[in-house]
Amino acid sequence: MMDKKIAVIGAGSWGTALSMVLSDNGYNVSLWSHRKLQAEEIQNQHTNEKYLPGVVLSNLIKGTDRLDEALKDASALLLVVPAKAMRDVLKQIRTKLNHPLLFIHGVKGIEPGSFKRMSEVIMEEIPESLRSGVVVLSGPSHAEEVSLRHPTTVAVASPNSQAAKTAQDLFFNHYFRVYTNEDMIGVEIGGALKNIIALGAGMLDGLGYGDNAKAALITRGLAEISRLGTKLGAYPLTFIGLTGMGDLIVTCTSVHSRNWRAGNMLGKGQKLDEVLKSMGMVVEGVRTAEAAHALAEGLNIEMPITTAIYQVLFEGKHPKTAVDELMDRDKKDEIAPLTHSLNERMEQKH
Ligand SMILES: NC(=O)C1=CN([C@@H]2O[C@H](COP(=O)(O)OP(=O)(O)OC[C@H]3O[C@@H](n4cnc5c(N)ncnc54)[C@H](OP(=O)(O)O)[C@@H]3O)[C@@H](O)[C@H]2O)C=CC1
Ligand SMILES: O=C(CO)COP(=O)(O)O
């Protein structure tokens, strides 16, 4: 049945966990992997041991390494590949598409080089006639916990409220509660930039600092994410929601987080190259730190924490020195700069 099939593009941890949510909701899922062996494992063994060890997948989830097969008769498509692979995968999809689909993505990153959000990349690569809407799905949601069907909340955001409602209907169930949101910019920026702060949280833990430092990092990290996001056109209140504060809490405090784990190794003195080699999964915060740093410089936005993490990642600064320098900056008012960007945003709206 045409409207009962969803194509999931990207068979890592998140693509696989979201396929489970969709199959629990009764949808046939075609889970596409760019690796033949992995597609065969999903199809024949009903497992994806590398990315979600110990989990058994429903018969409704079919593995394939053929994009045309994944897209055939699907009414919606969920993109869950690393941000740096998004444009290339979309170019491949474009050549196989012959009917309009709802494009949903669950990617928390910014395109390296262009510094574009994922929805911008989708709209550039897929002609309007071949998409019935573009939606981002984001929020505090580790794949490992979703695959155990533990209570989880996310938001689906799109300026097209009908598209967001359709995505909400696809994913909503008793353990996966989905809210709609119209602020796609805020949701994409919050989801991507929290990974930088999660790297910082891991570094603090690696350095042996405690909960005070972590709470400071999360709160002041959110302040600078909001500053940049608001300048890019986001609605300020989005950042205190699930996809802002919510995702910061889960990523900065959970051992499931790859960004936290990578940061933790860096804090303990390991080098970035060896950390990334040992992870075996995507650590989006590293490239996003580069993007956020460049965007902040271009727009003249103060993002001291992002800058410090960028310097640790790419300029060899020791994490302890970065913390010391952050603490020794000039005295500041806590709220005034936020009020300023809020007022600026309100003036733009009127
Ligand atoms: N894991 C989680 O809990 C969550 C993740 N996310 C976001 O989802 C996105 C995907 O992350 P996640 O699933 O965790 O990542 P993983 O590292 O677990 O998996 C990434 C998948 O994408 C594949 N891939 C890599 N490059 C390409 C390419 N060029 N073309 C096609 N496929 C490719 C990988 O294949 P290969 O095996 O060859 O590397 C792998 O199957 C990220 O943006 C992440 O931030 C969002 C919420 C939760
Ligand atoms: O975004 C996530 C949870 O909401 C997953 O974070 P990591 O990519 O750091 O594992």
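This is a short conversation about a predicted model, its ligand 2 and its largest nonpolar core.

Student: Which residues come nearest to ligand 2?

Tutor: Of the 13 residues around ligand 2, the nearest are K194, D247, S257, R258 and N259.

Student: What makes the pairing of K194 with ligand 2 a polar contact?

Tutor: A polar contact is a pair of N or O atoms within 3.5 Å, and an N or O atom in the side chain of K194 is 2.7 Å from an oxygen atom of ligand 2, so this pair meets the cut-off. A polar side-chain atom of D247 likewise lies 2.7 Å from an oxygen atom of ligand 2, and the value for a polar side-chain atom of N259 is also 2.7 Å. Taken alone, ligand 2 exposes 310 Å², of which the protein buries 93%.

Student: Why is ligand 2 said to lie between domain 1 and domain 2?

Tutor: Ligand 2 lies between them because domain 1 (5-182) and domain 2 (185-349) both give residues to its shell. Within that shell, α10 (242-253) and α11 (258-267) each supply at least two residues, and the largest share, three residues, comes from α10.

Student: How do the residues of the shell divide into nonpolar, polar and charged?

Tutor: Two of them are nonpolar, seven are polar and four are charged.

Student: Which residues touch the most other members of the largest nonpolar core?

Tutor: In this core of 43 residues, they are L193, L199 and L313. Several helices give two or more residues to the core, among them α9 (211-231), α13 (284-299) and α14 (304-314), while the largest share, ten residues, comes from α8.

Terms used: Residues numbered from 1 in each chain as written. Chains lettered and ligands numbered in written order. Predicted model: local features only at pLDDT ≥ 70, side-chain atom pairs only at ≥ 80, totals over all residues. Heavy atoms only, no water. Near = heavy atom within 4 Å. Polar contact = N/O pair within 3.5 Å; in protein donor to acceptor, adjacent residues only side chain to side chain. Areas by Shrake-Rupley, 256 points an atom, 1.4 Å probe, with all protein chains shown as cover. Helix = DSSP H or I, 4+ residues; strand = E, 2+ residues; numbered from the N terminus. Nonpolar A, V, L, I, M, F, W, Y, C, P; charged D, E, K, R; others polar. Domains from an automatic or database assignment. Core = buried A, V, L, I, M, F, W, Y, C linked by side-chain atoms within 4.5 Å. Buried < 20%, exposed > 50% of the residue type's maximum accessible area, 1.4 Å probe, protein only.
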